Amino acid sequence: VQLQASGGGLVQPGTSLRLSCVASGRFFSRNSWGWYRQVPGKQRELVAGISEIGTTNYLDAVKGRFTISRDNAKNTVYLQMNTLKPDDTAVYFCNLDRPPFFSWGQGTLVTVSS
């Protein structure tokens, strides 16, 4: 499985971005997926997860601001990020919501700065 994340960029605080991640291969709909983020010197953390049936969970720091969703027909998982803060600056990745993980891919860089 290859994972291709996109949609990142440089934005000002308080604005929004929508990230997309396309997964190649089969069985996308049978898996739970997650969005992760990582900043240099820190461990990668799970930001949001979505189960096969659409149940979601979020890191406390993003609750109420981020929304994860999925489109099984497109093998795609999304992360809508609103009211972005400088602390959201990171490289964002998608993968299964638990190990064993697929190869991580390059992720997409989100920079929140004025």
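Me: Before we get to Ser20, what counts as a strand here?
Reply: Strands are DSSP runs of E with at least two residues, numbered from the N terminus. This is a predicted model, in which local features need pLDDT of at least 70, side-chain atom pairs count only at pLDDT 80 or more, and totals for chains, interfaces and linings use all residues. Residues are numbered from 1 along each chain as its sequence is written, and side-chain values use heavy atoms, with hydrogens and water left out.

Me: OK, which strand does Ser20 lie in?
Reply: Ser20 belongs to strand β3.

Me: And is Ser20 buried or exposed?
Reply: Ser20 is buried, its relative accessible area being 19%, where buried means under 20%, exposed over 50% and partly exposed in between, with a 1.4 Å probe and protein chains only.

Me: What is Ser20 in contact with, leaving aside neighbours within four places in sequence?
Reply: Taking contact as heavy atoms within 4.5 Å, Ser20 is in contact with Gln4, Ala5, Ser6, Trp35, Thr76, Val77 and Tyr78.

Me: Switching to the sheet, what is the strand order?
Reply: The open sheet has four strands in the order β1-β3-β8-β7, with antiparallel pairing; two strands pair if DSSP finds at least two bridges between them.

Me: Which strands stand at the edges?
Reply: Those are β1 and β7, and each has a single partner strand, so one side of each is left without a neighbour in the sheet.

Me: How many bridges are there between β7 and β8?
Reply: β7 and β8 pair over six bridges in the antiparallel sense, and Ser69 stands opposite Tyr78 in β8.
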